[in-house]
Amino acid sequence: MADPLVPTHPLADPLSGPPEEAGPDSAAVVLTAGPPLVLLDLRCRDRAALDSLLKKPLELASPPVARAVSKSGNTLFRLGPDWWQLRCKKRKPADRLLRADPAGPVGVTDISDAWLAIGVAGPRARDVLAKAATVDLHPDAFPAGSAARTLFGRVTVVIARLEDGEPPAFDVTVSRSNARFLWRWLADAAREYGYTLKPFSGGGAG
Amino acid sequence: MSGPQFRLPADTLPDGRIDREAPLGFSFNGESFTGYAGDTLASALLAYGAFPLARSFKYHRPRGIFGAGAEEPNALVQLETGGYSQPNLRATQIELYGGLSAASVNAWPSVDFDLMRVNDWLSPIFPSGFYYKTFMGAGVGAGRWWRLFEPFIRRAAGFGRAPTAPDPDRYERMNAHCDVLVVGAGPAGLSAALAAANRGGRVILVDDQTEPGGDLLAGDRRIDDAPAMDWVAAALERLGAAPDATVLARTAVAGLYDDNFATAVESVGDRFGPGAPDHLPRLRLWRIRARQIVLATGAHERPYAFANNDTPGTMLGNAIRHYAGRYAVVPGRQALLGTDNDSAYRTALLLARAGIPVTLADARETPPSALADAARQAGVDVEAGCAISAVLGDRRVRGAKIGRVLPDGEISGALRPVEADLVGVSGGWNPALHLASHRGARPVWNEAQTCFVPDDLTALGLRTAGAVTGAGSLADCLEQGYAAGRDAARAAGRTKRTRKPDLKTDDGAAGAPIRPLWAVTGRQPGSRRGKAFVDLQNDVTVKDVALAARENYRSVEHLKRYTTLGMGTDQGKTANVIGLALMGVETGRSPEAVGTTTFRPPYTPVPFGALAGRDRGALFDPVRETPMFDWHAANGAVFEDVGQWKRPYAYRRDGESLEAAIGREVRAVRNAAGVMDASTLGKIDLKGPDVVTLLNRVYTNDWETLKVGRARYGLMCHEDGMIFDDGVTARLADDHYVMTTTTGNAVTVLNWLEMWLQTEWPELRVFATSVTEAWATATVAGPEARRLVSGLDSDIDWSDDAFPHMAVRTGTVLGAPARVFRVSFSGEASWEINVPAHCGPALWQALIDGGATPYGTEAMHVLRAEKGFIIVGQETDGTVTPHDLGMGWAVSKRKDFIGKRSWSRPDTARPDRKHLVGLLPLDSGTVLPEGGQIVADPEQEPPVTMLGHVTSSYKSPSLDGSFALALLKNGRNRMGDTVHVLRLDEGADAARVVAPAFYDKDGGRMRG
């Protein structure tokens, strides 16, 4: 019997599909399958209530819409006027937040397994994403701290730039069921520049 | 074919843009040729002479290359063969590559001997409108004649052939954003891009040629006392050094749309042909969102018409200049140029430098003295007040005749023969206002330049610069480009100040105005072979325009439809203005009064591959896989697409037929235990104190009474009272519910709830969150199911008392947090076990190891249909109410909800609507076709009275026969009747109407 305590990951090694390196320059685009997420969906109509809920455990306060803030490895994405996602470094603070009263001002829902993150880095990362994303990903329009929930072709994703850096590296959150499709799509789209794939190779969230 | 004898020797003129060190072999119509890197297919072919390489559309007259770019009407070719093949490409825009293979498109059996040339000799009986007058008029039997002849007429008139094999290539798509998009990289466009980039703007410069330069590529212009191409090189270097300037050569803008959205097609691997490096796409479709746009699209030269002006060797004057200066090709030994304006003088001077004797017929009585003197000094024979009247020769220019021309185009006096094998004609310039037209710019007549120019679109963020505005001098182009680029960048918010460059040009002394000449008429040699063409691609002659005027097709739009002027792949780039001007002459109106047709995208044809882009093959549509997908794939699953989900339809064992597999799976659930992957079901967590109010409004039944730990089935209707989704909602805690939806409607239902919560009922304190993918779901069903789930490592009490039908429990399963629903879609005792998605495979394996038989969606369909359970989208189609399905038990009378009011409409209230019924075929071995129409009398003469249709139909292992569900008019009152279901081919099957429940009608099995 499979051990339920060993988490499965759709982008785990070994992965049938595209070769792990292809194209003229394997450093042009680097795709990295992120580890399993600890992810909470937060809904709230009163920002102050949210800020007070998050302030003490995580020292996070809500950013404007389409922005993300990070602190000590925890990241708060603002996806809409009353909609956030909180990506936690460890399980514990998430569990504490999940104990919030369901009738209270902040709706907290565990969606950890629903999403996966794919890192898209390298000098041609922006070009690969621009093949399907209509959001302007130029550093002027999409500086570090940007997070856009958008359609990537016909896949819903959150594209974020969590850290400053040159060339810009992107973090793409995609639903678990679409993860392999997107992985293959990105590899195929990166072929003209060259790419390296880094599937998930164990080690989970704390 | 003899050698490339019309390529100028290396030292005659500067070599322009070709590389004589890089010869490229290619084939055309099966013959071998050699050109150079930097050539187009057209320039490489012209090096062998101006021979016929096409046949015209209607008369099948021999045609040669006429232009040098997108305006080319004649030289359409089929490039390559097989799946890679592309029809109707302009030879003037195909970049030469080694091994290229191309062929003529409209000749049968060959260009040299075309049988359809008979049309030319018969042309007196083929005037404009011939086909319609003859075949489609009101005459007796006319329509029948058209049907008979149409296939032949279409083939005779055809262009290229569509490829017959799948396209082996890759196509890409790119989204781009910029402050300023500059279209056209001639002097005006380069100047605009530089000005915008200098202000710090994000600039994209797009040009359809192989390299930037535009008119300067001809190589005979000077800027700042140096070759103008030096300035181009310096400009490109500066753009390359700018932080955010992108130069896209080989990229044609296809269309402009609202909000300055532009599409453009870039040739990437295309220019290497079928042997392109594997990683390169053939074409890339750019989707550019620009804050501001500068159109520096230049102008197309137009000819004037004269007899036999389509003979190979007759070309646009400026095209001759480009072939000479850019490609070192002059396809003749002796040239005659006809002009009504200054621009032919540069061509004449360049040809003279190349040692070609030139006669220049200038229609103006007094040509500008500075130009004429310079030309005469270079040895050019300038004939003032003269125009070309006719070209001699059939397959090649063998000579020409010129004469003194009157203002109306009539020749007065005797014609004079001129020895020439190359004829260039310059009738003025038509600004390329197509893209401005896409944005709705009105073409405005400019009397001085005798051309239409785009009106002002600055308010839309669109500026024009250079020849597209009617500008003639290089200095004006550079100046306008700078101003447009600067203003566009400023309008896009780039406020950095820049200094205007001070450039010296070689424009020289002021010339003289154009003397517009549209067609030269009068005495023509060779009578009926003296056709004077207005539109070369569509074989529209001067006479056709006159005929249209006589028959009162005087509006420019009627002129176009009646004569086909301006249609086809070139959209009349060289023809339109002459045609409408001639219509003006015929009807006594100015060109301005006649007006012009406008243009829609695309500017030049766009291959379908570029539009399809990446959406093909395995990546055509997103695929969604459940956490247990790999197990399914490894264990014989045949997958079915449900939306984007891949769901196991059935699991085939070795040697087993699909039908046998489905039967086996159904029996396993009925007799032992089966397990199904139900992870795709939509799951929405609902939190807040007002959830029950929301549920009461969106579902038709009552939710006040649902206790914590219990679940209830519900139907949702749209405002029209028609069912749009169903599912079970469970109460996990006082203010926490989880709603399930059908697989296909998971997102739609969440959006539906959000729409009501955000727009109509903002006072409701409810948060809805999709958790569909957070959980993996395994449904265990069958008489052995309890024994099986009881064997799982879990803290849940599975006994019937502790966990009855329609209850929900949370706990742990295999050490993972779990939500378990005791609900049944199969009619057997059944548990839906939800665990976090990453634990799904382990749960699934544990159930398989415990002895459960995996079953797929088709077995599930059979099981539920035996119970008469509906599937939304199968038993419903947006016209079905709960009452139609006999599900009044799921409708509350005590409350209001979405859709209720619509049931008081007469049509939804009438008692004889279509009802859900069961059908038992009289022959129990017959499976009725799903979708089959139900009739009372299959022998009835049409129109046959339709009573309804079969919604679900299966062979049932449990019932030992086939059965069906159907929507039948007045069905509940037809129980026991025999009806007939039409087969898809012919005939009908008889079936008895029964209640829509076939198995365990009292439901004892699922509660037990």
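**Exercise 1. Find which members of the largest nonpolar core touch the most others, and which helix gives the most to it.**

Start with the term: a nonpolar core is a set of buried Ala, Val, Leu, Ile, Met, Phe, Trp, Tyr and Cys residues joined through side-chain atoms within 4.5 Å. Buried means under 20% relative accessible area (1.4 Å probe, protein chains only). In this predicted model, local features need pLDDT of at least 70, and side-chain atom pairs count only at pLDDT 80 or more, while totals for chains, interfaces and linings use all residues. Residues are numbered from 1 along each chain, chains are lettered from A, and side-chain values use heavy atoms, without hydrogens and water.

Now look at the 64 residues of the core: A:V120, A:F152, A:I159, A:L186 and B:L181 touch the most other members. Helix 4 of chain A (179–190) gives the most, with 9 residues. Helices here are DSSP runs (H or I, at least four residues), and strands are too (E, at least two), numbered from the N terminus.

**Exercise 2. Work out which residues of helix 2 of chain A are buried, and where they sit around its axis.**

First, pick them out: A:P93, A:A94 and A:L97. Next, check directions from the helix axis to the C-beta atoms. They span an arc of only 100°, so they lie on the same side of helix 2 of chain A. Finally, see what they pack against (contact: heavy atoms within 4.5 Å): strand 3, helix 1, strand 6 and strand 7 of chain A.

Note on methods: Buried means under 20% relative accessible area, exposed over 50%, partly exposed in between (1.4 Å probe, protein chains only).
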